[in-house]
Structures are given as structure tokens and as C-alpha cells.
Amino acid sequence: QVQLVESGGGLVQAGGSLRLSCAASGLTFGSLSVGWFRQAPGKEREFVAAISWTGVSTLYADSVKGRFTISRDNSKNTVYLQMNTLKPEDTAVYYCAAGNLAPPTAVYRTPASYNFWGQGTQVTVSS
């Protein structure tokens with residue numbers, strides 16, 4: 001069973017930066033495609049970014065493109081989400097998700113494409 005643990009959330013002023021981490025255990029991490037999603041109060045969970053298990057392919061939501069960067073270090077079983085130029089509308093609980101059935105360069109924006117989910121980490125951006 002794969003376990004995912006997010007960390008790195010917190011309170012930051014608008015324009016600031018945070019780096020989220022998603023640490024995985026329980027399965028060969030290098031074979032997992034990983035995505036980041038977020039959910040703000042009263043809103044549906046939305047896609048943020050994804051990375052293939054090879055790290056070759058990445059995908060971003062339009063709302064974060066150019067500000068967020070997803071990366072992975074398979075030797076550390078960890079995926080990162082570097083978030084720059086944060087805005088109040090980025091405030092949400094951020095979740096990482098992993099899928100173990102993906103081709104090497106596949107990236108997915110739909111929650112149904114992922115088998116495993118973390119518990120989330122809160123990101124709050126003040127104006």
C-alpha cells in the first residue's frame with residue numbers, strides 16, 4: 001500500500017513562495033505518476049500540476065502555469081511543488097496523488113487517474 005505525506009504548507013503573504021513536498025512509501029516510487037490537486041473551502045477539488053514517473057512530462061493548470069513548478073527526486077521518493085508569486089486565490093488544501101498504472105511519460109489532470117492520495121497540507125496566502 002502506498003502512503004503519501006505532504007508537507008511544506010503554511011501562511012505566506014501574496015507574492016511569496018512555498019515549496020510543498022510529497023513523500024511516498026510502500027511502492028516503487030519511480031513507477032508512480034504524481035499529481036497535485038487543491039481544494040478551497042466551498043469549491044471542488046481542482047487539478048494543479050502533474051509529473052510522469054520518468055519526470056520527462058509535466059502538466060499544469062492554466063491558473064498556475066509560469067508560477068508553479070513540479071519536480072521529482074526518485075532517489076528520495078519525493079515530488080515537489082515549488083510555488084512562486086502566490087496569490088490569495090491559491091489558498092487551499094493541497095493534496096498529492098499517485099498512480100501506478102501509467103505509461104512512462106503519461107500525465108493526468110483527472111482525479112480518477114490516481115490510486116493513492118495524501119491527507120493534504122494547508123496553504124494560506126494573505127493579501
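A polar contact is a pair of N or O atoms within 3.5 Å; within protein, one of the two must be able to donate a hydrogen and the other to accept it. In the predicted model described here, one such contact involves Thr78, where a polar atom of the side chain lies 2.8 Å from the backbone oxygen of Lys76. Thr78 belongs to strand β8. With a relative accessibility of 10%, Thr78 counts as buried, because the limit for that class is under 20% relative accessible area.

The backbone just before this strand has a notable feature of its own. Asn77 is found in the loop between β7 and β8, the latter spanning residues 78–83. Although Asn77 is not a glycine, its phi is positive, at about 55°. In contrast to the buried Thr78, Asn77 counts as partly exposed, at 28% relative accessibility. A positive phi also occurs at Thr85, likewise a residue other than glycine, with a value near 50°. Thr85 is placed in the loop between β8 and β9 and is partly exposed, its relative accessible area being 45%.

Strand β8 is also part of an open sheet of four strands, arranged in the order β1-β3-β8-β7 with antiparallel pairing. The edges of this sheet are formed by β1 (3–7) and β7 (68–73), each of which pairs on one side only. On average, and with direction ignored, neighbouring strands of the sheet are turned by 15° against each other. The antiparallel pairing of β1 with β3 extends over five bridges, and Ser7 stands opposite Ser21 of β3.

The edge strand β1 also shows how side chains are distributed between two faces. In a regular strand, side chains alternate between the two faces of the sheet. Along β1, Leu4 and Glu6 point to one face and are buried, whereas Gln3, Val5 and Ser7 point to the other face and are not buried. Ser7, which stands opposite Ser21, thus belongs to the group that is not buried.

Strand β3 further contributes to the covalent cross-linking of the chain. The structure holds one disulfide, which joins Cys22 to Cys96 with an S to S distance of 2.1 Å. Cys22 lies in strand β3 (residues 18–25) and Cys96 in strand β9 (residues 92–99), so the disulfide ties together parts that are 74 residues apart in sequence. The torsion about the S-S bond is about 60°, and the disulfide is therefore right-handed. Cys22 counts as buried at 1% relative accessibility, and Cys96 is buried with a relative accessible area of 0%.

Aromatic contacts form a further set of links. Four aromatic pairs are present in the structure. In one of them, the ring centres of Phe37 and Phe47 are 5.7 Å apart and the planes stand at 75°, so the pair is edge-to-face; the angle exceeds the limit, since planes over 60 degrees apart fall in that class. Phe37 lies in strand β4 (residues 33–39) and Phe47 in strand β5 (residues 46–51), so that this pair links distant parts of the chain, ten residues apart. Phe37 is buried, with a relative accessible area of 0%, and Phe47 is buried as well, with a value of 9%.

Phe37 takes part in another edge-to-face pair, with Tyr114, in which the centres are 5.6 Å apart and the angle between the planes is 80°. Tyr114 is located in the loop between β9 and β10 (116–117), while Phe37 lies in β4, so the pair ties together parts that are 77 residues apart in sequence. Both Phe37 and Tyr114 are buried. Together with Phe47 and Trp117, these two residues form one aromatic cluster.

Trp117, a member of this cluster, is also approached by a charged group. The charged end of Arg45 sits over the ring of Trp117, 4.9 Å from the ring centre. The charged end of Arg45 also sits over the ring of Tyr95, with a distance of 4.0 Å to the centre of that ring.

Technical notes: Residues are numbered from 1 along each chain as its sequence is written. This is a predicted model: local features need pLDDT of at least 70, side-chain atom pairs count only at pLDDT 80 or more; totals for chains, interfaces and linings use all residues. Side-chain values use heavy atoms; hydrogens and water are left out. A disulfide is a pair of cysteine sulfur atoms within 2.5 Å. Buried means under 20% relative accessible area, exposed over 50%, partly exposed in between (1.4 Å probe, protein chains only). Two strands pair if DSSP finds at least two bridges between them. Axes are lines fitted to C-alpha atoms, for helices over the stretch in contact, and angles run from 0 to 180 degrees between N-to-C directions. Rings of Phe, Tyr and Trp (its six-membered ring) pair if their centres lie within 6.5 Å; planes under 30 degrees apart count as stacked, over 60 as edge-to-face and the rest as tilted. A charge sits over a ring if NZ of Lys or CZ of Arg is within 6 Å of the ring centre and within 35 degrees of the ring normal.
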